[in-house]
Amino acid sequence: MTGQDHPTGAVRIDTSRPHPARMYDWYLGGKDNYPVDEEMGRQMLALDPRVPVMARVNRAFMHRATRWLAERGVRQFLDIGTGIPTEPNLHQIAQGIATDARVVYCDNDPIVLAHAAALLRSTPDGLTEYLQADVRDPAAIVEGARKILDFDRPIALSLIALLHFISDEDGAHELVGRLLSELPSGSYLMMTHATADFTPEESAAAIAKLRAAGITLALRSREEFGRFFRDLELVEPGVAVVPEWHPELGEPVPGQEDGVIPGYGAVARKA
Ligand SMILES: C[S@@+](CC[C@H](N)C(=O)[O-])C[C@H]1O[C@@H](n2cnc3c(N)ncnc32)[C@H](O)[C@@H]1O
């Protein structure tokens, strides 16, 4: 789907249970969420009141990592688990540095499709595309992305706050390996992931509450997160707690200093 063929038909939104994209939108102060999302969001806040700070810190990592990559010449991005558009979106950061940057967005939640028009406002000499697809179907994503991206030139694969929704049973590590195998040398993986390393009790309670609502939360340790990068060259500073990855490239998020942010981030290059 491009800006020319955005669907005009109705998109089916399930408002009977919470969805990660809409809860995240609520944490970020957006308006594209429903009472059921706010209710579950409030339950997460009761466990850890810093969840909205974590969401903003995560978003700020995406800004910094995209900037870092664009400044090093990366002109193509494949962003899976995009979320409901929240300015600045990834293409706005990348095209702010290189107007010809191309970005393919992908999410499996129909609410993101419903708002995808905001992701398709590319610069005239760049290009953006939105794919409605599940990361558990990498073949479909690669097939769709090939229509926009040149797979003979470096691509940054962006998996920001996505893989903690994919269990080991669903093959999280294998899926990332499969996607990376399609990318040429000089490509990058940029990624964040929530962890229970710092707040084990609150995390266990969150997992249970979300599971009861039908949402899988697969928190991973630093070592398990690091395994996603095992065949790649981590760029400095390697695996970091999210706000500590190149903080000089952006402004600190208010409140991020009030305690540890329970998530890891990293960027790595495919040799
Ligand atoms: C926490 S949001 C992160 C949004 C954005 N990447 C960011 O960091 O600002 C996670 C997103 O992943 C999407 N998602 C969850 N499971 C997915 C799957 N199996 N395939 C594709 N997207 C998925 C959700 O719909 C949601 O939009």
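Select Asp-100 to open the tour: this residue is partly exposed, with a relative accessible area of 40%. The model on display is a predicted one.

**Stop 1: the partner of Asp-100**

Add Arg-75 to the selection. The side chains of Arg-75 and Asp-100 form a salt bridge, at 3.8 Å from N to O. This pair connects distant parts of the chain, with the two positions 25 residues apart: Arg-75 sits in the loop between helix 3 and strand 1 (76-80), and Asp-100 in the loop between helix 4 (90-97) and strand 2 (102-107). Arg-75 has 24% relative accessibility, so the residue counts as partly exposed.

**Stop 2: the ligand**

Select the ligand next, together with the residues around it. Which residues come nearest among the 19 around the ligand? They are Tyr-24, Asn-58, Arg-59, Gly-81 and Asp-107. By character, the shell divides into nine nonpolar, five polar and five charged residues.

Three contacts merit display in turn. Begin with Arg-59, where an N or O atom of the side chain is 2.7 Å from an oxygen atom of the ligand. Proceed to Asn-108, which places a polar side-chain atom 3.3 Å from a nitrogen atom of the ligand. Then show the backbone of Val-135, of which a polar atom is 3.0 Å from a nitrogen atom of the ligand.

With a surface drawn over the protein, how much of the accessible area of the ligand does the protein cover? On its own the ligand has 600 Å² of accessible area, and the protein covers 95% of that. Now colour helix 1 (20-27) and helix 3 (51-71), the elements that contribute two or more residues to the shell around the ligand.

**Stop 3: further salt bridges**

The structure contains ten salt bridges. For another of them, select Asp-14 and Arg-17, whose side chains meet at 3.6 Å, N to O. Are these two residues buried or partly exposed? Asp-14 is partly exposed because its relative accessible area is 32%, and Arg-17 is likewise partly exposed, at 35%.

Move on to Arg-178 and Glu-182, whose side chains meet in a salt bridge of 2.6 Å, N to O. Arg-178 counts as partly exposed at 33% relative accessibility, and Glu-182 is partly exposed with a relative accessible area of 23%.

Finish by selecting Asp-134, Arg-136 and Asp-170, which are joined into one network by salt bridges that share partners.

Technical notes
Residues numbered from 1 in each chain as written. Predicted model: local features only at pLDDT ≥ 70, side-chain atom pairs only at ≥ 80, totals over all residues. Heavy atoms only, no water. Near = heavy atom within 4 Å. Polar contact = N/O pair within 3.5 Å; in protein donor to acceptor, adjacent residues only side chain to side chain. Areas by Shrake-Rupley, 256 points an atom, 1.4 Å probe, with all protein chains shown as cover. Helix = DSSP H or I, 4+ residues; strand = E, 2+ residues; numbered from the N terminus. Nonpolar A, V, L, I, M, F, W, Y, C, P; charged D, E, K, R; others polar. Salt bridge = Lys/Arg side-chain N within 4 Å of Asp/Glu carboxyl O. Buried < 20%, exposed > 50% of the residue type's maximum accessible area, 1.4 Å probe, protein only.
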